[in-house]
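Grab your viewer and work through these exercises with the model loaded. Each one sets a task and then walks through a solution.

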Amino acid sequence: MELLLEDFKMGNIRALARCISLVENESKGFETILTTLQPKKLAPVIGFTGAPGAGKSSLVNALAAYWVKQDKKLAIIAIDPTSPFNFGSLLGDRIRMLEHFNNEQVFIRSMATRGSLGGLCSKIIEVVQVLQCFGFDYIIIETVGVGQSEVEIAGIADTSIVVVVPESGDEVQTLKSGVMEIADIFVVNKSDREGAEMMAINLKKLTHDTLANRQTPVIKSIATENEGLDELVSAIETHSHFAHTNERRAILLADKALLLIQQQKVKHFNRKKMEEEVRTLLDQNHFNLYIYVRSKLL
Ligand SMILES: Nc1nc2c(ncn2[C@@H]2O[C@H](COP(=O)(O)OP(=O)(O)OP(=O)(O)O)[C@@H](O)[C@H]2O)c(=O)[nH]1
Ligand SMILES: [Mg+2]
């Protein structure tokens with residue numbers, strides 16, 4: 001373990017990968033990793049979410065190329081919602097386009113959601129923590145916006161970017177519930193298509209906060225042609241600057257602490273077993289939710 005941590009501190013990528021695996025699997029020594037490593041710097045954590053095919057990976061790809069050119073080091077976590085495998089076991093199609101990057105500068109990792117009931121969030125928080133300690137300049141997380149995931153990402157990323165396309169008109173209606181609040185930046189990607197301007201105008205209207213006189217940035221992009229990147233980078237810089245004030249960090253870190261505590265607390269509960277217990281009680285006509293819960297907390 002000591003040797004591994006030494007290698008990690010020396011900037012050895014394989015040691016980083018190994019540490020992440022240990023943390024993901026909660027293998028022996030993972031707590032030592034989480035408690036002894038210190039963040040080298042506060043790399044902005046940037047979350048990309050949006051409907052399947054909106055162009056998240058293309059944007060991440062373009063952004064990565066942009067930062068690589070500036071000699072920045074970045075880590076990309078792709079959350080794969082479809083994979084039936086366990087953590088880190090495969091690189092799906094989603095990130096294949098990123099593979100041409102030099103491993104030293106762009107570290108890519110995929111995490112699968114299926115089979116990780118509820119625990120994914122806490123695992124991402126821990127993995128991000130490890131990445132922070134390695135000294136990347138930027139940490140990017142890509143998730144497909146299905147159901148809760150975009151809301152979850154908001155608790156992990158300093159800056160949450162919601163990617164839509166010009167055709168997302170109906171989607172914007174649904175966006176209103178929940179996603180609207182989590183978006184720090186909107187990107188209307190595929191702006192080479194009709195309706196992009198209209199989409200951007202509508203989003204601006206929807207997100208304009210008259211009371212606070214605040215406007216969520218809405219950026220039009222064509223990821224495949226690197227268009228809109230300068231604006232996006234500048235919006236990210238501005239926002240992450242704000243996100244790194246202690247006031248804002250305290251809010252986010254308290255949320256994270258709460259989440260990790262919740263995870264720890266429920267870890268020993270066996271869902272399947274609970275279902276059986278409840279069914280037995282129901283069969284006996286004997287079930288009271290509060291009494292059951294209390295019996296579990298004793
Ligand atoms: N015309 C056009 N096509 C784009 C643009 N950005 C991405 N695409 C294409 O859209 C398709 C989907 O892009 P991805 O980047 O894989 O989208 P994604 O949101 O990561 O998709 P998932 O990870 O599967 O949810 C690809 O064929 C891209 O080449 C754009 O700005 N304009
Ligand atoms: Mg993708």
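**Exercise 1.** In which helix does glutamate 277 lie? Place the residue and describe its surroundings.

*Solution.* Before starting, note that this is a predicted model, where local features need pLDDT of at least 70, side-chain atom pairs count only at pLDDT 80 or more, and totals for chains, interfaces and linings use all residues. Residues are numbered from 1 along each chain as its sequence is written, chains are lettered from A and ligands numbered from 1 in the order in which they are written, and side-chain values use heavy atoms, with hydrogens and water left out.

- Step 1: glutamate 277 sits in helix α13, residues 271-283. Helices here are DSSP runs of H or I with at least four residues, strands are runs of E with at least two, and both are numbered from the N terminus.
- Step 2: with a relative accessible area of 24%, glutamate 277 is partly exposed. The scale runs from buried (under 20% relative accessible area) to exposed (over 50%), with partly exposed in between, using a 1.4 Å probe and protein chains only.
- Step 3: skip the neighbours within four places in sequence, and glutamate 277 is in contact with Tyr292 and Lys296. Contact means heavy atoms within 4.5 Å.
- Step 4: the side chains of glutamate 277 and lysine 296 are joined by a polar contact of 2.9 Å. That term covers a pair of N or O atoms within 3.5 Å; within protein, one must be able to donate a hydrogen and the other to accept it, and residues adjacent in sequence count only if both atoms are side-chain atoms.
- Step 5: for a backbone check, the C-alpha atoms of glutamate 277 and phenylalanine 287 are 9.7 Å apart, with the two positions 10 residues apart along the chain.

**Exercise 2.** Which residues coordinate the magnesium ion (ligand 2)? Work out where they sit.

*Solution.*

- Step 1: Ser57 (OG) and Glu142 (OE) coordinate the magnesium ion at 2.1 Å. Donors are N, O and S atoms within 2.8 Å of the metal (3.2 Å for Na, K and Ca), and sites may look incomplete because water is not among the atoms.
- Step 2: serine 57 belongs to helix α4 (residues 56-69) and glutamate 142 to strand β4 (residues 138-142), so the pair ties together parts that are 85 residues apart in sequence.
- Step 3: serine 57 and glutamate 142 are both buried.

**Exercise 3.** How many residues surround ligand 1? List some polar pairs too.

*Solution.*

- Step 1: the shell holds 18 residues, the closest being Gly55, Lys56, Ser57, Ser58 and Asp192. A residue is near a molecule if one of its heavy atoms lies within 4 Å of it.
- Step 2: α4 gives the largest share of this shell, 3 residues.
- Step 3: oxygen atoms of ligand 1 lie 2.7 Å from a polar side-chain atom of lysine 56 and 3.0 Å from one of lysine 190.
- Step 4: an N or O atom in the side chain of asparagine 189 is 3.0 Å from a nitrogen atom of ligand 1.
- Step 5: on its own, ligand 1 has 640 Å² of accessible area, and the protein covers 73% of that. Accessible areas come from the Shrake-Rupley method with a 1.4 Å probe; for residues, only the protein chains shown count as cover.

**Exercise 4.** Which side chain makes a polar contact with the side chain of threonine 159?

*Solution.*

- Step 1: find threonine 159 in strand β5, residues 159-164.
- Step 2: threonine 159 is buried, at a relative accessible area of 0%.
- Step 3: the partner is histidine 239, at 2.8 Å.
- Step 4: leaving out residues up to four places away in sequence, threonine 159 touches several others, including Val45, Ile46 and Asp184.

**Exercise 5.** How many disulfides does the count come to?

*Solution.*

- Step 1: the rule asks for a pair of cysteine sulfur atoms within 2.5 Å.
- Step 2: the count is 0. For cysteine 19, the nearest cysteine sulfur is that of cysteine 133, 9.5 Å away.
- Step 3: cysteine 19 is buried at 0% relative accessible area, and cysteine 133 is buried at 5%.

**Exercise 6.** Where is glutamate 26 placed? Check its phi as well.

*Solution.*

- Step 1: look in the loop between α2 (13-25) and α3 (30-36).
- Step 2: glutamate 26 has a positive phi of about 50 degrees, although it is not a glycine. Most residues other than glycine have a negative phi.
- Step 3: glutamate 26 is partly exposed, with 32% relative accessible area.
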